[in-house]
Amino acid sequence: MSALYGTYARSELAFVRGEGVRLLTADGTRYLDFNAGIAVNALGHGDPHIVAALKEQADKVWHVSNIYTIPEQEKLAQRLVDATFADKVFFTNSGAEALECAIKTARRYFWDKGQKDRVDIIGFSGSFHGRTTATIAAAGNPAYIEGFGPMPGYKHVKPGDLALVEAAIDEKTAAILIEPVQGEGGVTAFSDAYLQGLRKLADANGVLLIFDEVQCGYGRTGKFFAHEWAGITPDIMTVAKAIGNGFPLGACLATEEVAKAMGPGTHGSTYGGNPMACAVGNAVLDRVLEPGFFEHVEAMGTVLAHQLQQLMQKFPQYVTEVRGKGLIAGIKITPPVRDFVARLRDHKLLAVAASDNVLRLLPPLIVNEAEINEAIGIIAEAFAEFEAEASDAAQ
Ligand SMILES: *Cc1c(COP(=O)(O)O)cnc(C)c1O
């Protein structure tokens, strides 16, 4: 019996090594990793530039506390500001903590302006923002909030219809919070028009717009951040997952106008943005901002989407929809997705389930066409196996 909390339905599979898009078990079995630690290992496993940065920083200083200036943190913040809409950055250790900072920032912004009743956050069904009490409340997924007490201050609407959002906004609304591409909720990419409409509604009603780009950001859709496709910007944005490529790091980015409400003492984190995390974060950013990186993701996203469409044509009884944007892709399937993920694992392909019975594919962003073809081949093989089993059962 494991001494761990029973919060995860874990596979017994354990990896001891990673190389690019592959993970290896102790006996040397190689798995094709189209999960990437759930969109974390954007640069795959063992990227030499990041490994070197981590080792170099380990020899200098690990941790000092945010009561001192941390040069690596200043540098990473400035680079993120230069590359985005934001003027200010707060570093965290995780996505949920980035959301906590975003929610606090939104509420404090209105409090600071004397609008102390503006505390409500409007979220969307199918969203995921983390597992802290505020973030489960913000997402409102009944399966995740059950048994954890009352959660005032959050409203939820069905995504896709701007009129529903408009109707939900009232004098208590502080912010609208949405993932431009829902990850765990079923890999739903919202249209540019919808995101633009949310921006307009926020502006017209004097409320803030928060984009949660923890999963869809950092290059995954083929732009640095997914909202860039829509040509609009949020007031606050949350980032994590790929930002540290596996070293725990997250960030909340905001405009100066909003962030100025968060003065000394309003927020903090012991580890957030420590020298180790930010040394790695800077090295990750070096790679992500290399010329051609986003173009590669976009090109591979096109290949993957095309291959998934073909898979749907070949197996219409098993694949009913292709979803996603760039290298956050999904197929809605008819076999139970968790069983199917296990079956793919037997075929040495790692993928991950999303809600709505969607098989989610999140390869490292360095994936190439041959590796995509290999993954599609494995999925096709698994469907063919299913087909054979079904016809055996019918006889
Ligand atoms: C994973 C995720 C989070 C939570 O991140 P943690 O690091 O697990 O706290 C928040 N939002 C989105 C969109 C995510 O995918």
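These are my notes on two helix pairs and one annotated set of residues in a predicted model.

**Helix 2 and helix 10.** I looked up how helix 2 (residues 48–58) lies against helix 10 (residues 275–288), and found their axes 9 Å apart at an angle of about 155 degrees. Because angles over 145 degrees count as roughly antiparallel, I entered helix 2 as roughly antiparallel to helix 10. The crossing of helix 2 over helix 10 is right-handed. On the helix 2 side I listed His49, Ile50, Ala53, Leu54, Gln57 and Ala58 as making the contact, and on the helix 10 side I noted residues including Pro275, Met276, Asp286 and Arg287. Sorted by character, the residues of this contact come to 10 nonpolar, 2 polar and 2 charged.

**Helix 11 and helix 13.** I then turned to helix 11 (residues 293–314) and helix 13 (residues 369–394), whose axes come within 10 Å and cross at roughly 20 degrees. That angle makes helix 11 roughly parallel to helix 13, and the crossing is again a right-handed one. Helix 11 contributes Met300, Val303, Leu304, Gln307, Leu308 and Leu311, while helix 13 contributes residues among them Glu369, Asn373 and Phe383. I recorded 10 nonpolar, 2 polar and 1 charged for this contact.

**Annotated binding site.** From UniProt, in an unreviewed entry, I copied the feature "binding site" at Gly95, Ala96, Phe128, Asp212, Glu213, Val214, Gln215 and Thr270. These residues are spread over 176 residues of sequence and, in space, up to 24.9 Å between C-alpha atoms. From this set, Gly95, Ala96, Phe128, Asp212, Val214 and Gln215 belong to the lining of the largest pocket. I also placed Gly95 in helix 4 (residues 95–112).

Notes: Residues are numbered from 1 along each chain as its sequence is written. This is a predicted model: local features need pLDDT of at least 70, side-chain atom pairs count only at pLDDT 80 or more; totals for chains, interfaces and linings use all residues. Side-chain values use heavy atoms; hydrogens and water are left out. Axes are lines fitted to C-alpha atoms, for helices over the stretch in contact, and angles run from 0 to 180 degrees between N-to-C directions. Helices (H or I, at least four residues) and strands (E, at least two) are DSSP runs, numbered from the N terminus. Angles under 35 degrees count as roughly parallel, over 145 as roughly antiparallel, 65 to 115 as roughly perpendicular and the rest as oblique. A crossing is left-handed if the near helix is turned anticlockwise from the far one by less than a right angle, and right-handed if clockwise. Contact means heavy atoms within 4.5 Å. Ala, Val, Leu, Ile, Met, Phe, Trp, Tyr, Cys and Pro count as nonpolar, Asp, Glu, Lys and Arg as charged, and the others, Gly among them, as polar. UniProt positions are given in the numbering used here, feature names are shortened, and annotations may be inferred rather than shown by experiment. On a 1 Å grid over the protein atoms alone, a cavity is a set of points where a 1.4 Å probe fits but cannot get out, and a pocket is an open set with protein on both sides within 12 Å along at least five of seven lines; lining residues have an atom within 4 Å of a point.
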